[in-house]
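Me: I would like a close look at a single part of this protein, namely the place where its strands come together, and at what surrounds that part. Please take it step by step and in connected prose.

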Amino acid sequence: MKGVILGVILGVLMWALIVLGFLWVMSENASAVTWNKAHASYYGPGLYGNGTACGQTLTASTQGVAHKTLPCGTRIRFLYRGRKTTVRVIDRGPFVAGRDFDLTIATRNRLRFPDLGIVQWRRVK
């Protein structure tokens, strides 16, 4: 009798873990979260040591992104080929037609993003 009860309890716990795992995976999945697509490039080399529009000094290790209109400090979650990172808007740009974001070189490297491409993104609270 104790073995049957223990088996039922373990079964319920396993089911609960499976459901929780599924919900966790879905919370970051495109089907559960709306991702936007944007054209992006990167910037940085040649500008290191300069100030950004949001008051930081740009270095090779600066994590961030430039955007024309999102407020400074806005947190953006990027997704590129299964790799994700969350960074803040730290600068204005890009100033090339057809591009929505300029990633810093450190953000680009973290995502393994090419020189130009399409990245998925969403605003994070």
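Reply: What follows moves from the overall fold to the strands, then to the core, and last to the surface.

The model is a predicted one, and its secondary structure comes to 2 helices and 6 strands, arranged along the sequence in the pattern α-β-β-β-β-β-α-β. The 6 strands close into a barrel, in which they follow the order β1-β5-β2-β4-β3-β6 with mixed pairing. Contacts between residues 24 or more positions apart make up 69% of the contacts in the protein that have a separation of 6 or more.

Strand β6, which covers residues 116–124, pairs with strand β1, residues 36–43, in the antiparallel sense over 6 bridges. Within this pairing, Asn36 has Trp121 of β6 as its bridge partner, and His39 stands opposite Ile118 in β6. Strand β6 also pairs with β3, residues 75–80, again in the antiparallel sense, here over 5 bridges, and Arg77 stands opposite Arg122 of β6. As a general matter, the strands of a sheet pair through backbone hydrogen bonds, whether parallel or antiparallel.

Trp121, the bridge partner of Asn36, also belongs to the largest nonpolar core, a set of 15 residues in which Val65, Phe78, Phe101, Phe113 and Trp121 have the most contacts. Strands β1, β3, β4 (83–91), β5 (101–104) and β6 each supply at least two residues of this core, and β3 gives the most to it, with 3 residues. Phe78 shows how the core draws on separate parts of the chain: leaving aside neighbours within four places in sequence, Phe78 is in contact with residues that include Val65, Phe101 and Trp121, and also with Trp35, Val87, Leu103, Leu111 and Val119. The contacts of Phe78 are not restricted to nonpolar residues, for Arg83, Lys84, Thr85 and Gln120 are among them as well.

Val65 in turn leads to Arg88, a residue of strand β4, since Arg88 touches Val65 together with Gly64, Gly73, Thr74 and Arg75, not counting residues up to four places away in sequence. The C-alpha atoms of Arg88 and Arg75 are separated by 4.4 Å, although the two residues lie 13 residues apart along the chain. Arg88 counts as partly exposed, because its relative accessibility of 44% falls between the 20% limit for buried and the 50% limit for exposed residues.

A search of the whole structure finds 1 salt bridge, in which the side chains of Asp115 and Arg108 meet at 2.7 Å, N to O. Side chains of opposite charge can pair when their charged atoms come close. The partners differ in their cover: Asp115 is partly exposed, with a relative accessible area of 44%, whereas Arg108 counts as buried because its relative accessibility is 16%, under the 20% limit.

Turning to the surface, about 7900 Å² of the protein is exposed, and carbon and sulfur atoms supply 62% of that area, while 33% of the 125 residues count as buried. One nonpolar patch on the surface is formed by Met1, Ile5 and Ile9, with about 350 Å² of accessible area together. Ile5 has its place in helix α1, residues 2–27, and is partly exposed, with a relative accessible area of 45%; Ile5 can therefore count towards a patch, because that value is over the 30% required.

Methods
Residues numbered from 1 in each chain as written. Predicted model: local features only at pLDDT ≥ 70, side-chain atom pairs only at ≥ 80, totals over all residues. Heavy atoms only, no water. Patch = residues over 30% accessible without salt bridge, like charges linked within 9 Å, V, L, I, M, F, W, Y side chains within 5 Å. Areas by Shrake-Rupley, 256 points an atom, 1.4 Å probe, with all protein chains shown as cover. Salt bridge = Lys/Arg side-chain N within 4 Å of Asp/Glu carboxyl O. Helix = DSSP H or I, 4+ residues; strand = E, 2+ residues; numbered from the N terminus. Buried < 20%, exposed > 50% of the residue type's maximum accessible area, 1.4 Å probe, protein only. Pairing = 2+ DSSP bridges. Core = buried A, V, L, I, M, F, W, Y, C linked by side-chain atoms within 4.5 Å. Contact = heavy atoms within 4.5 Å.
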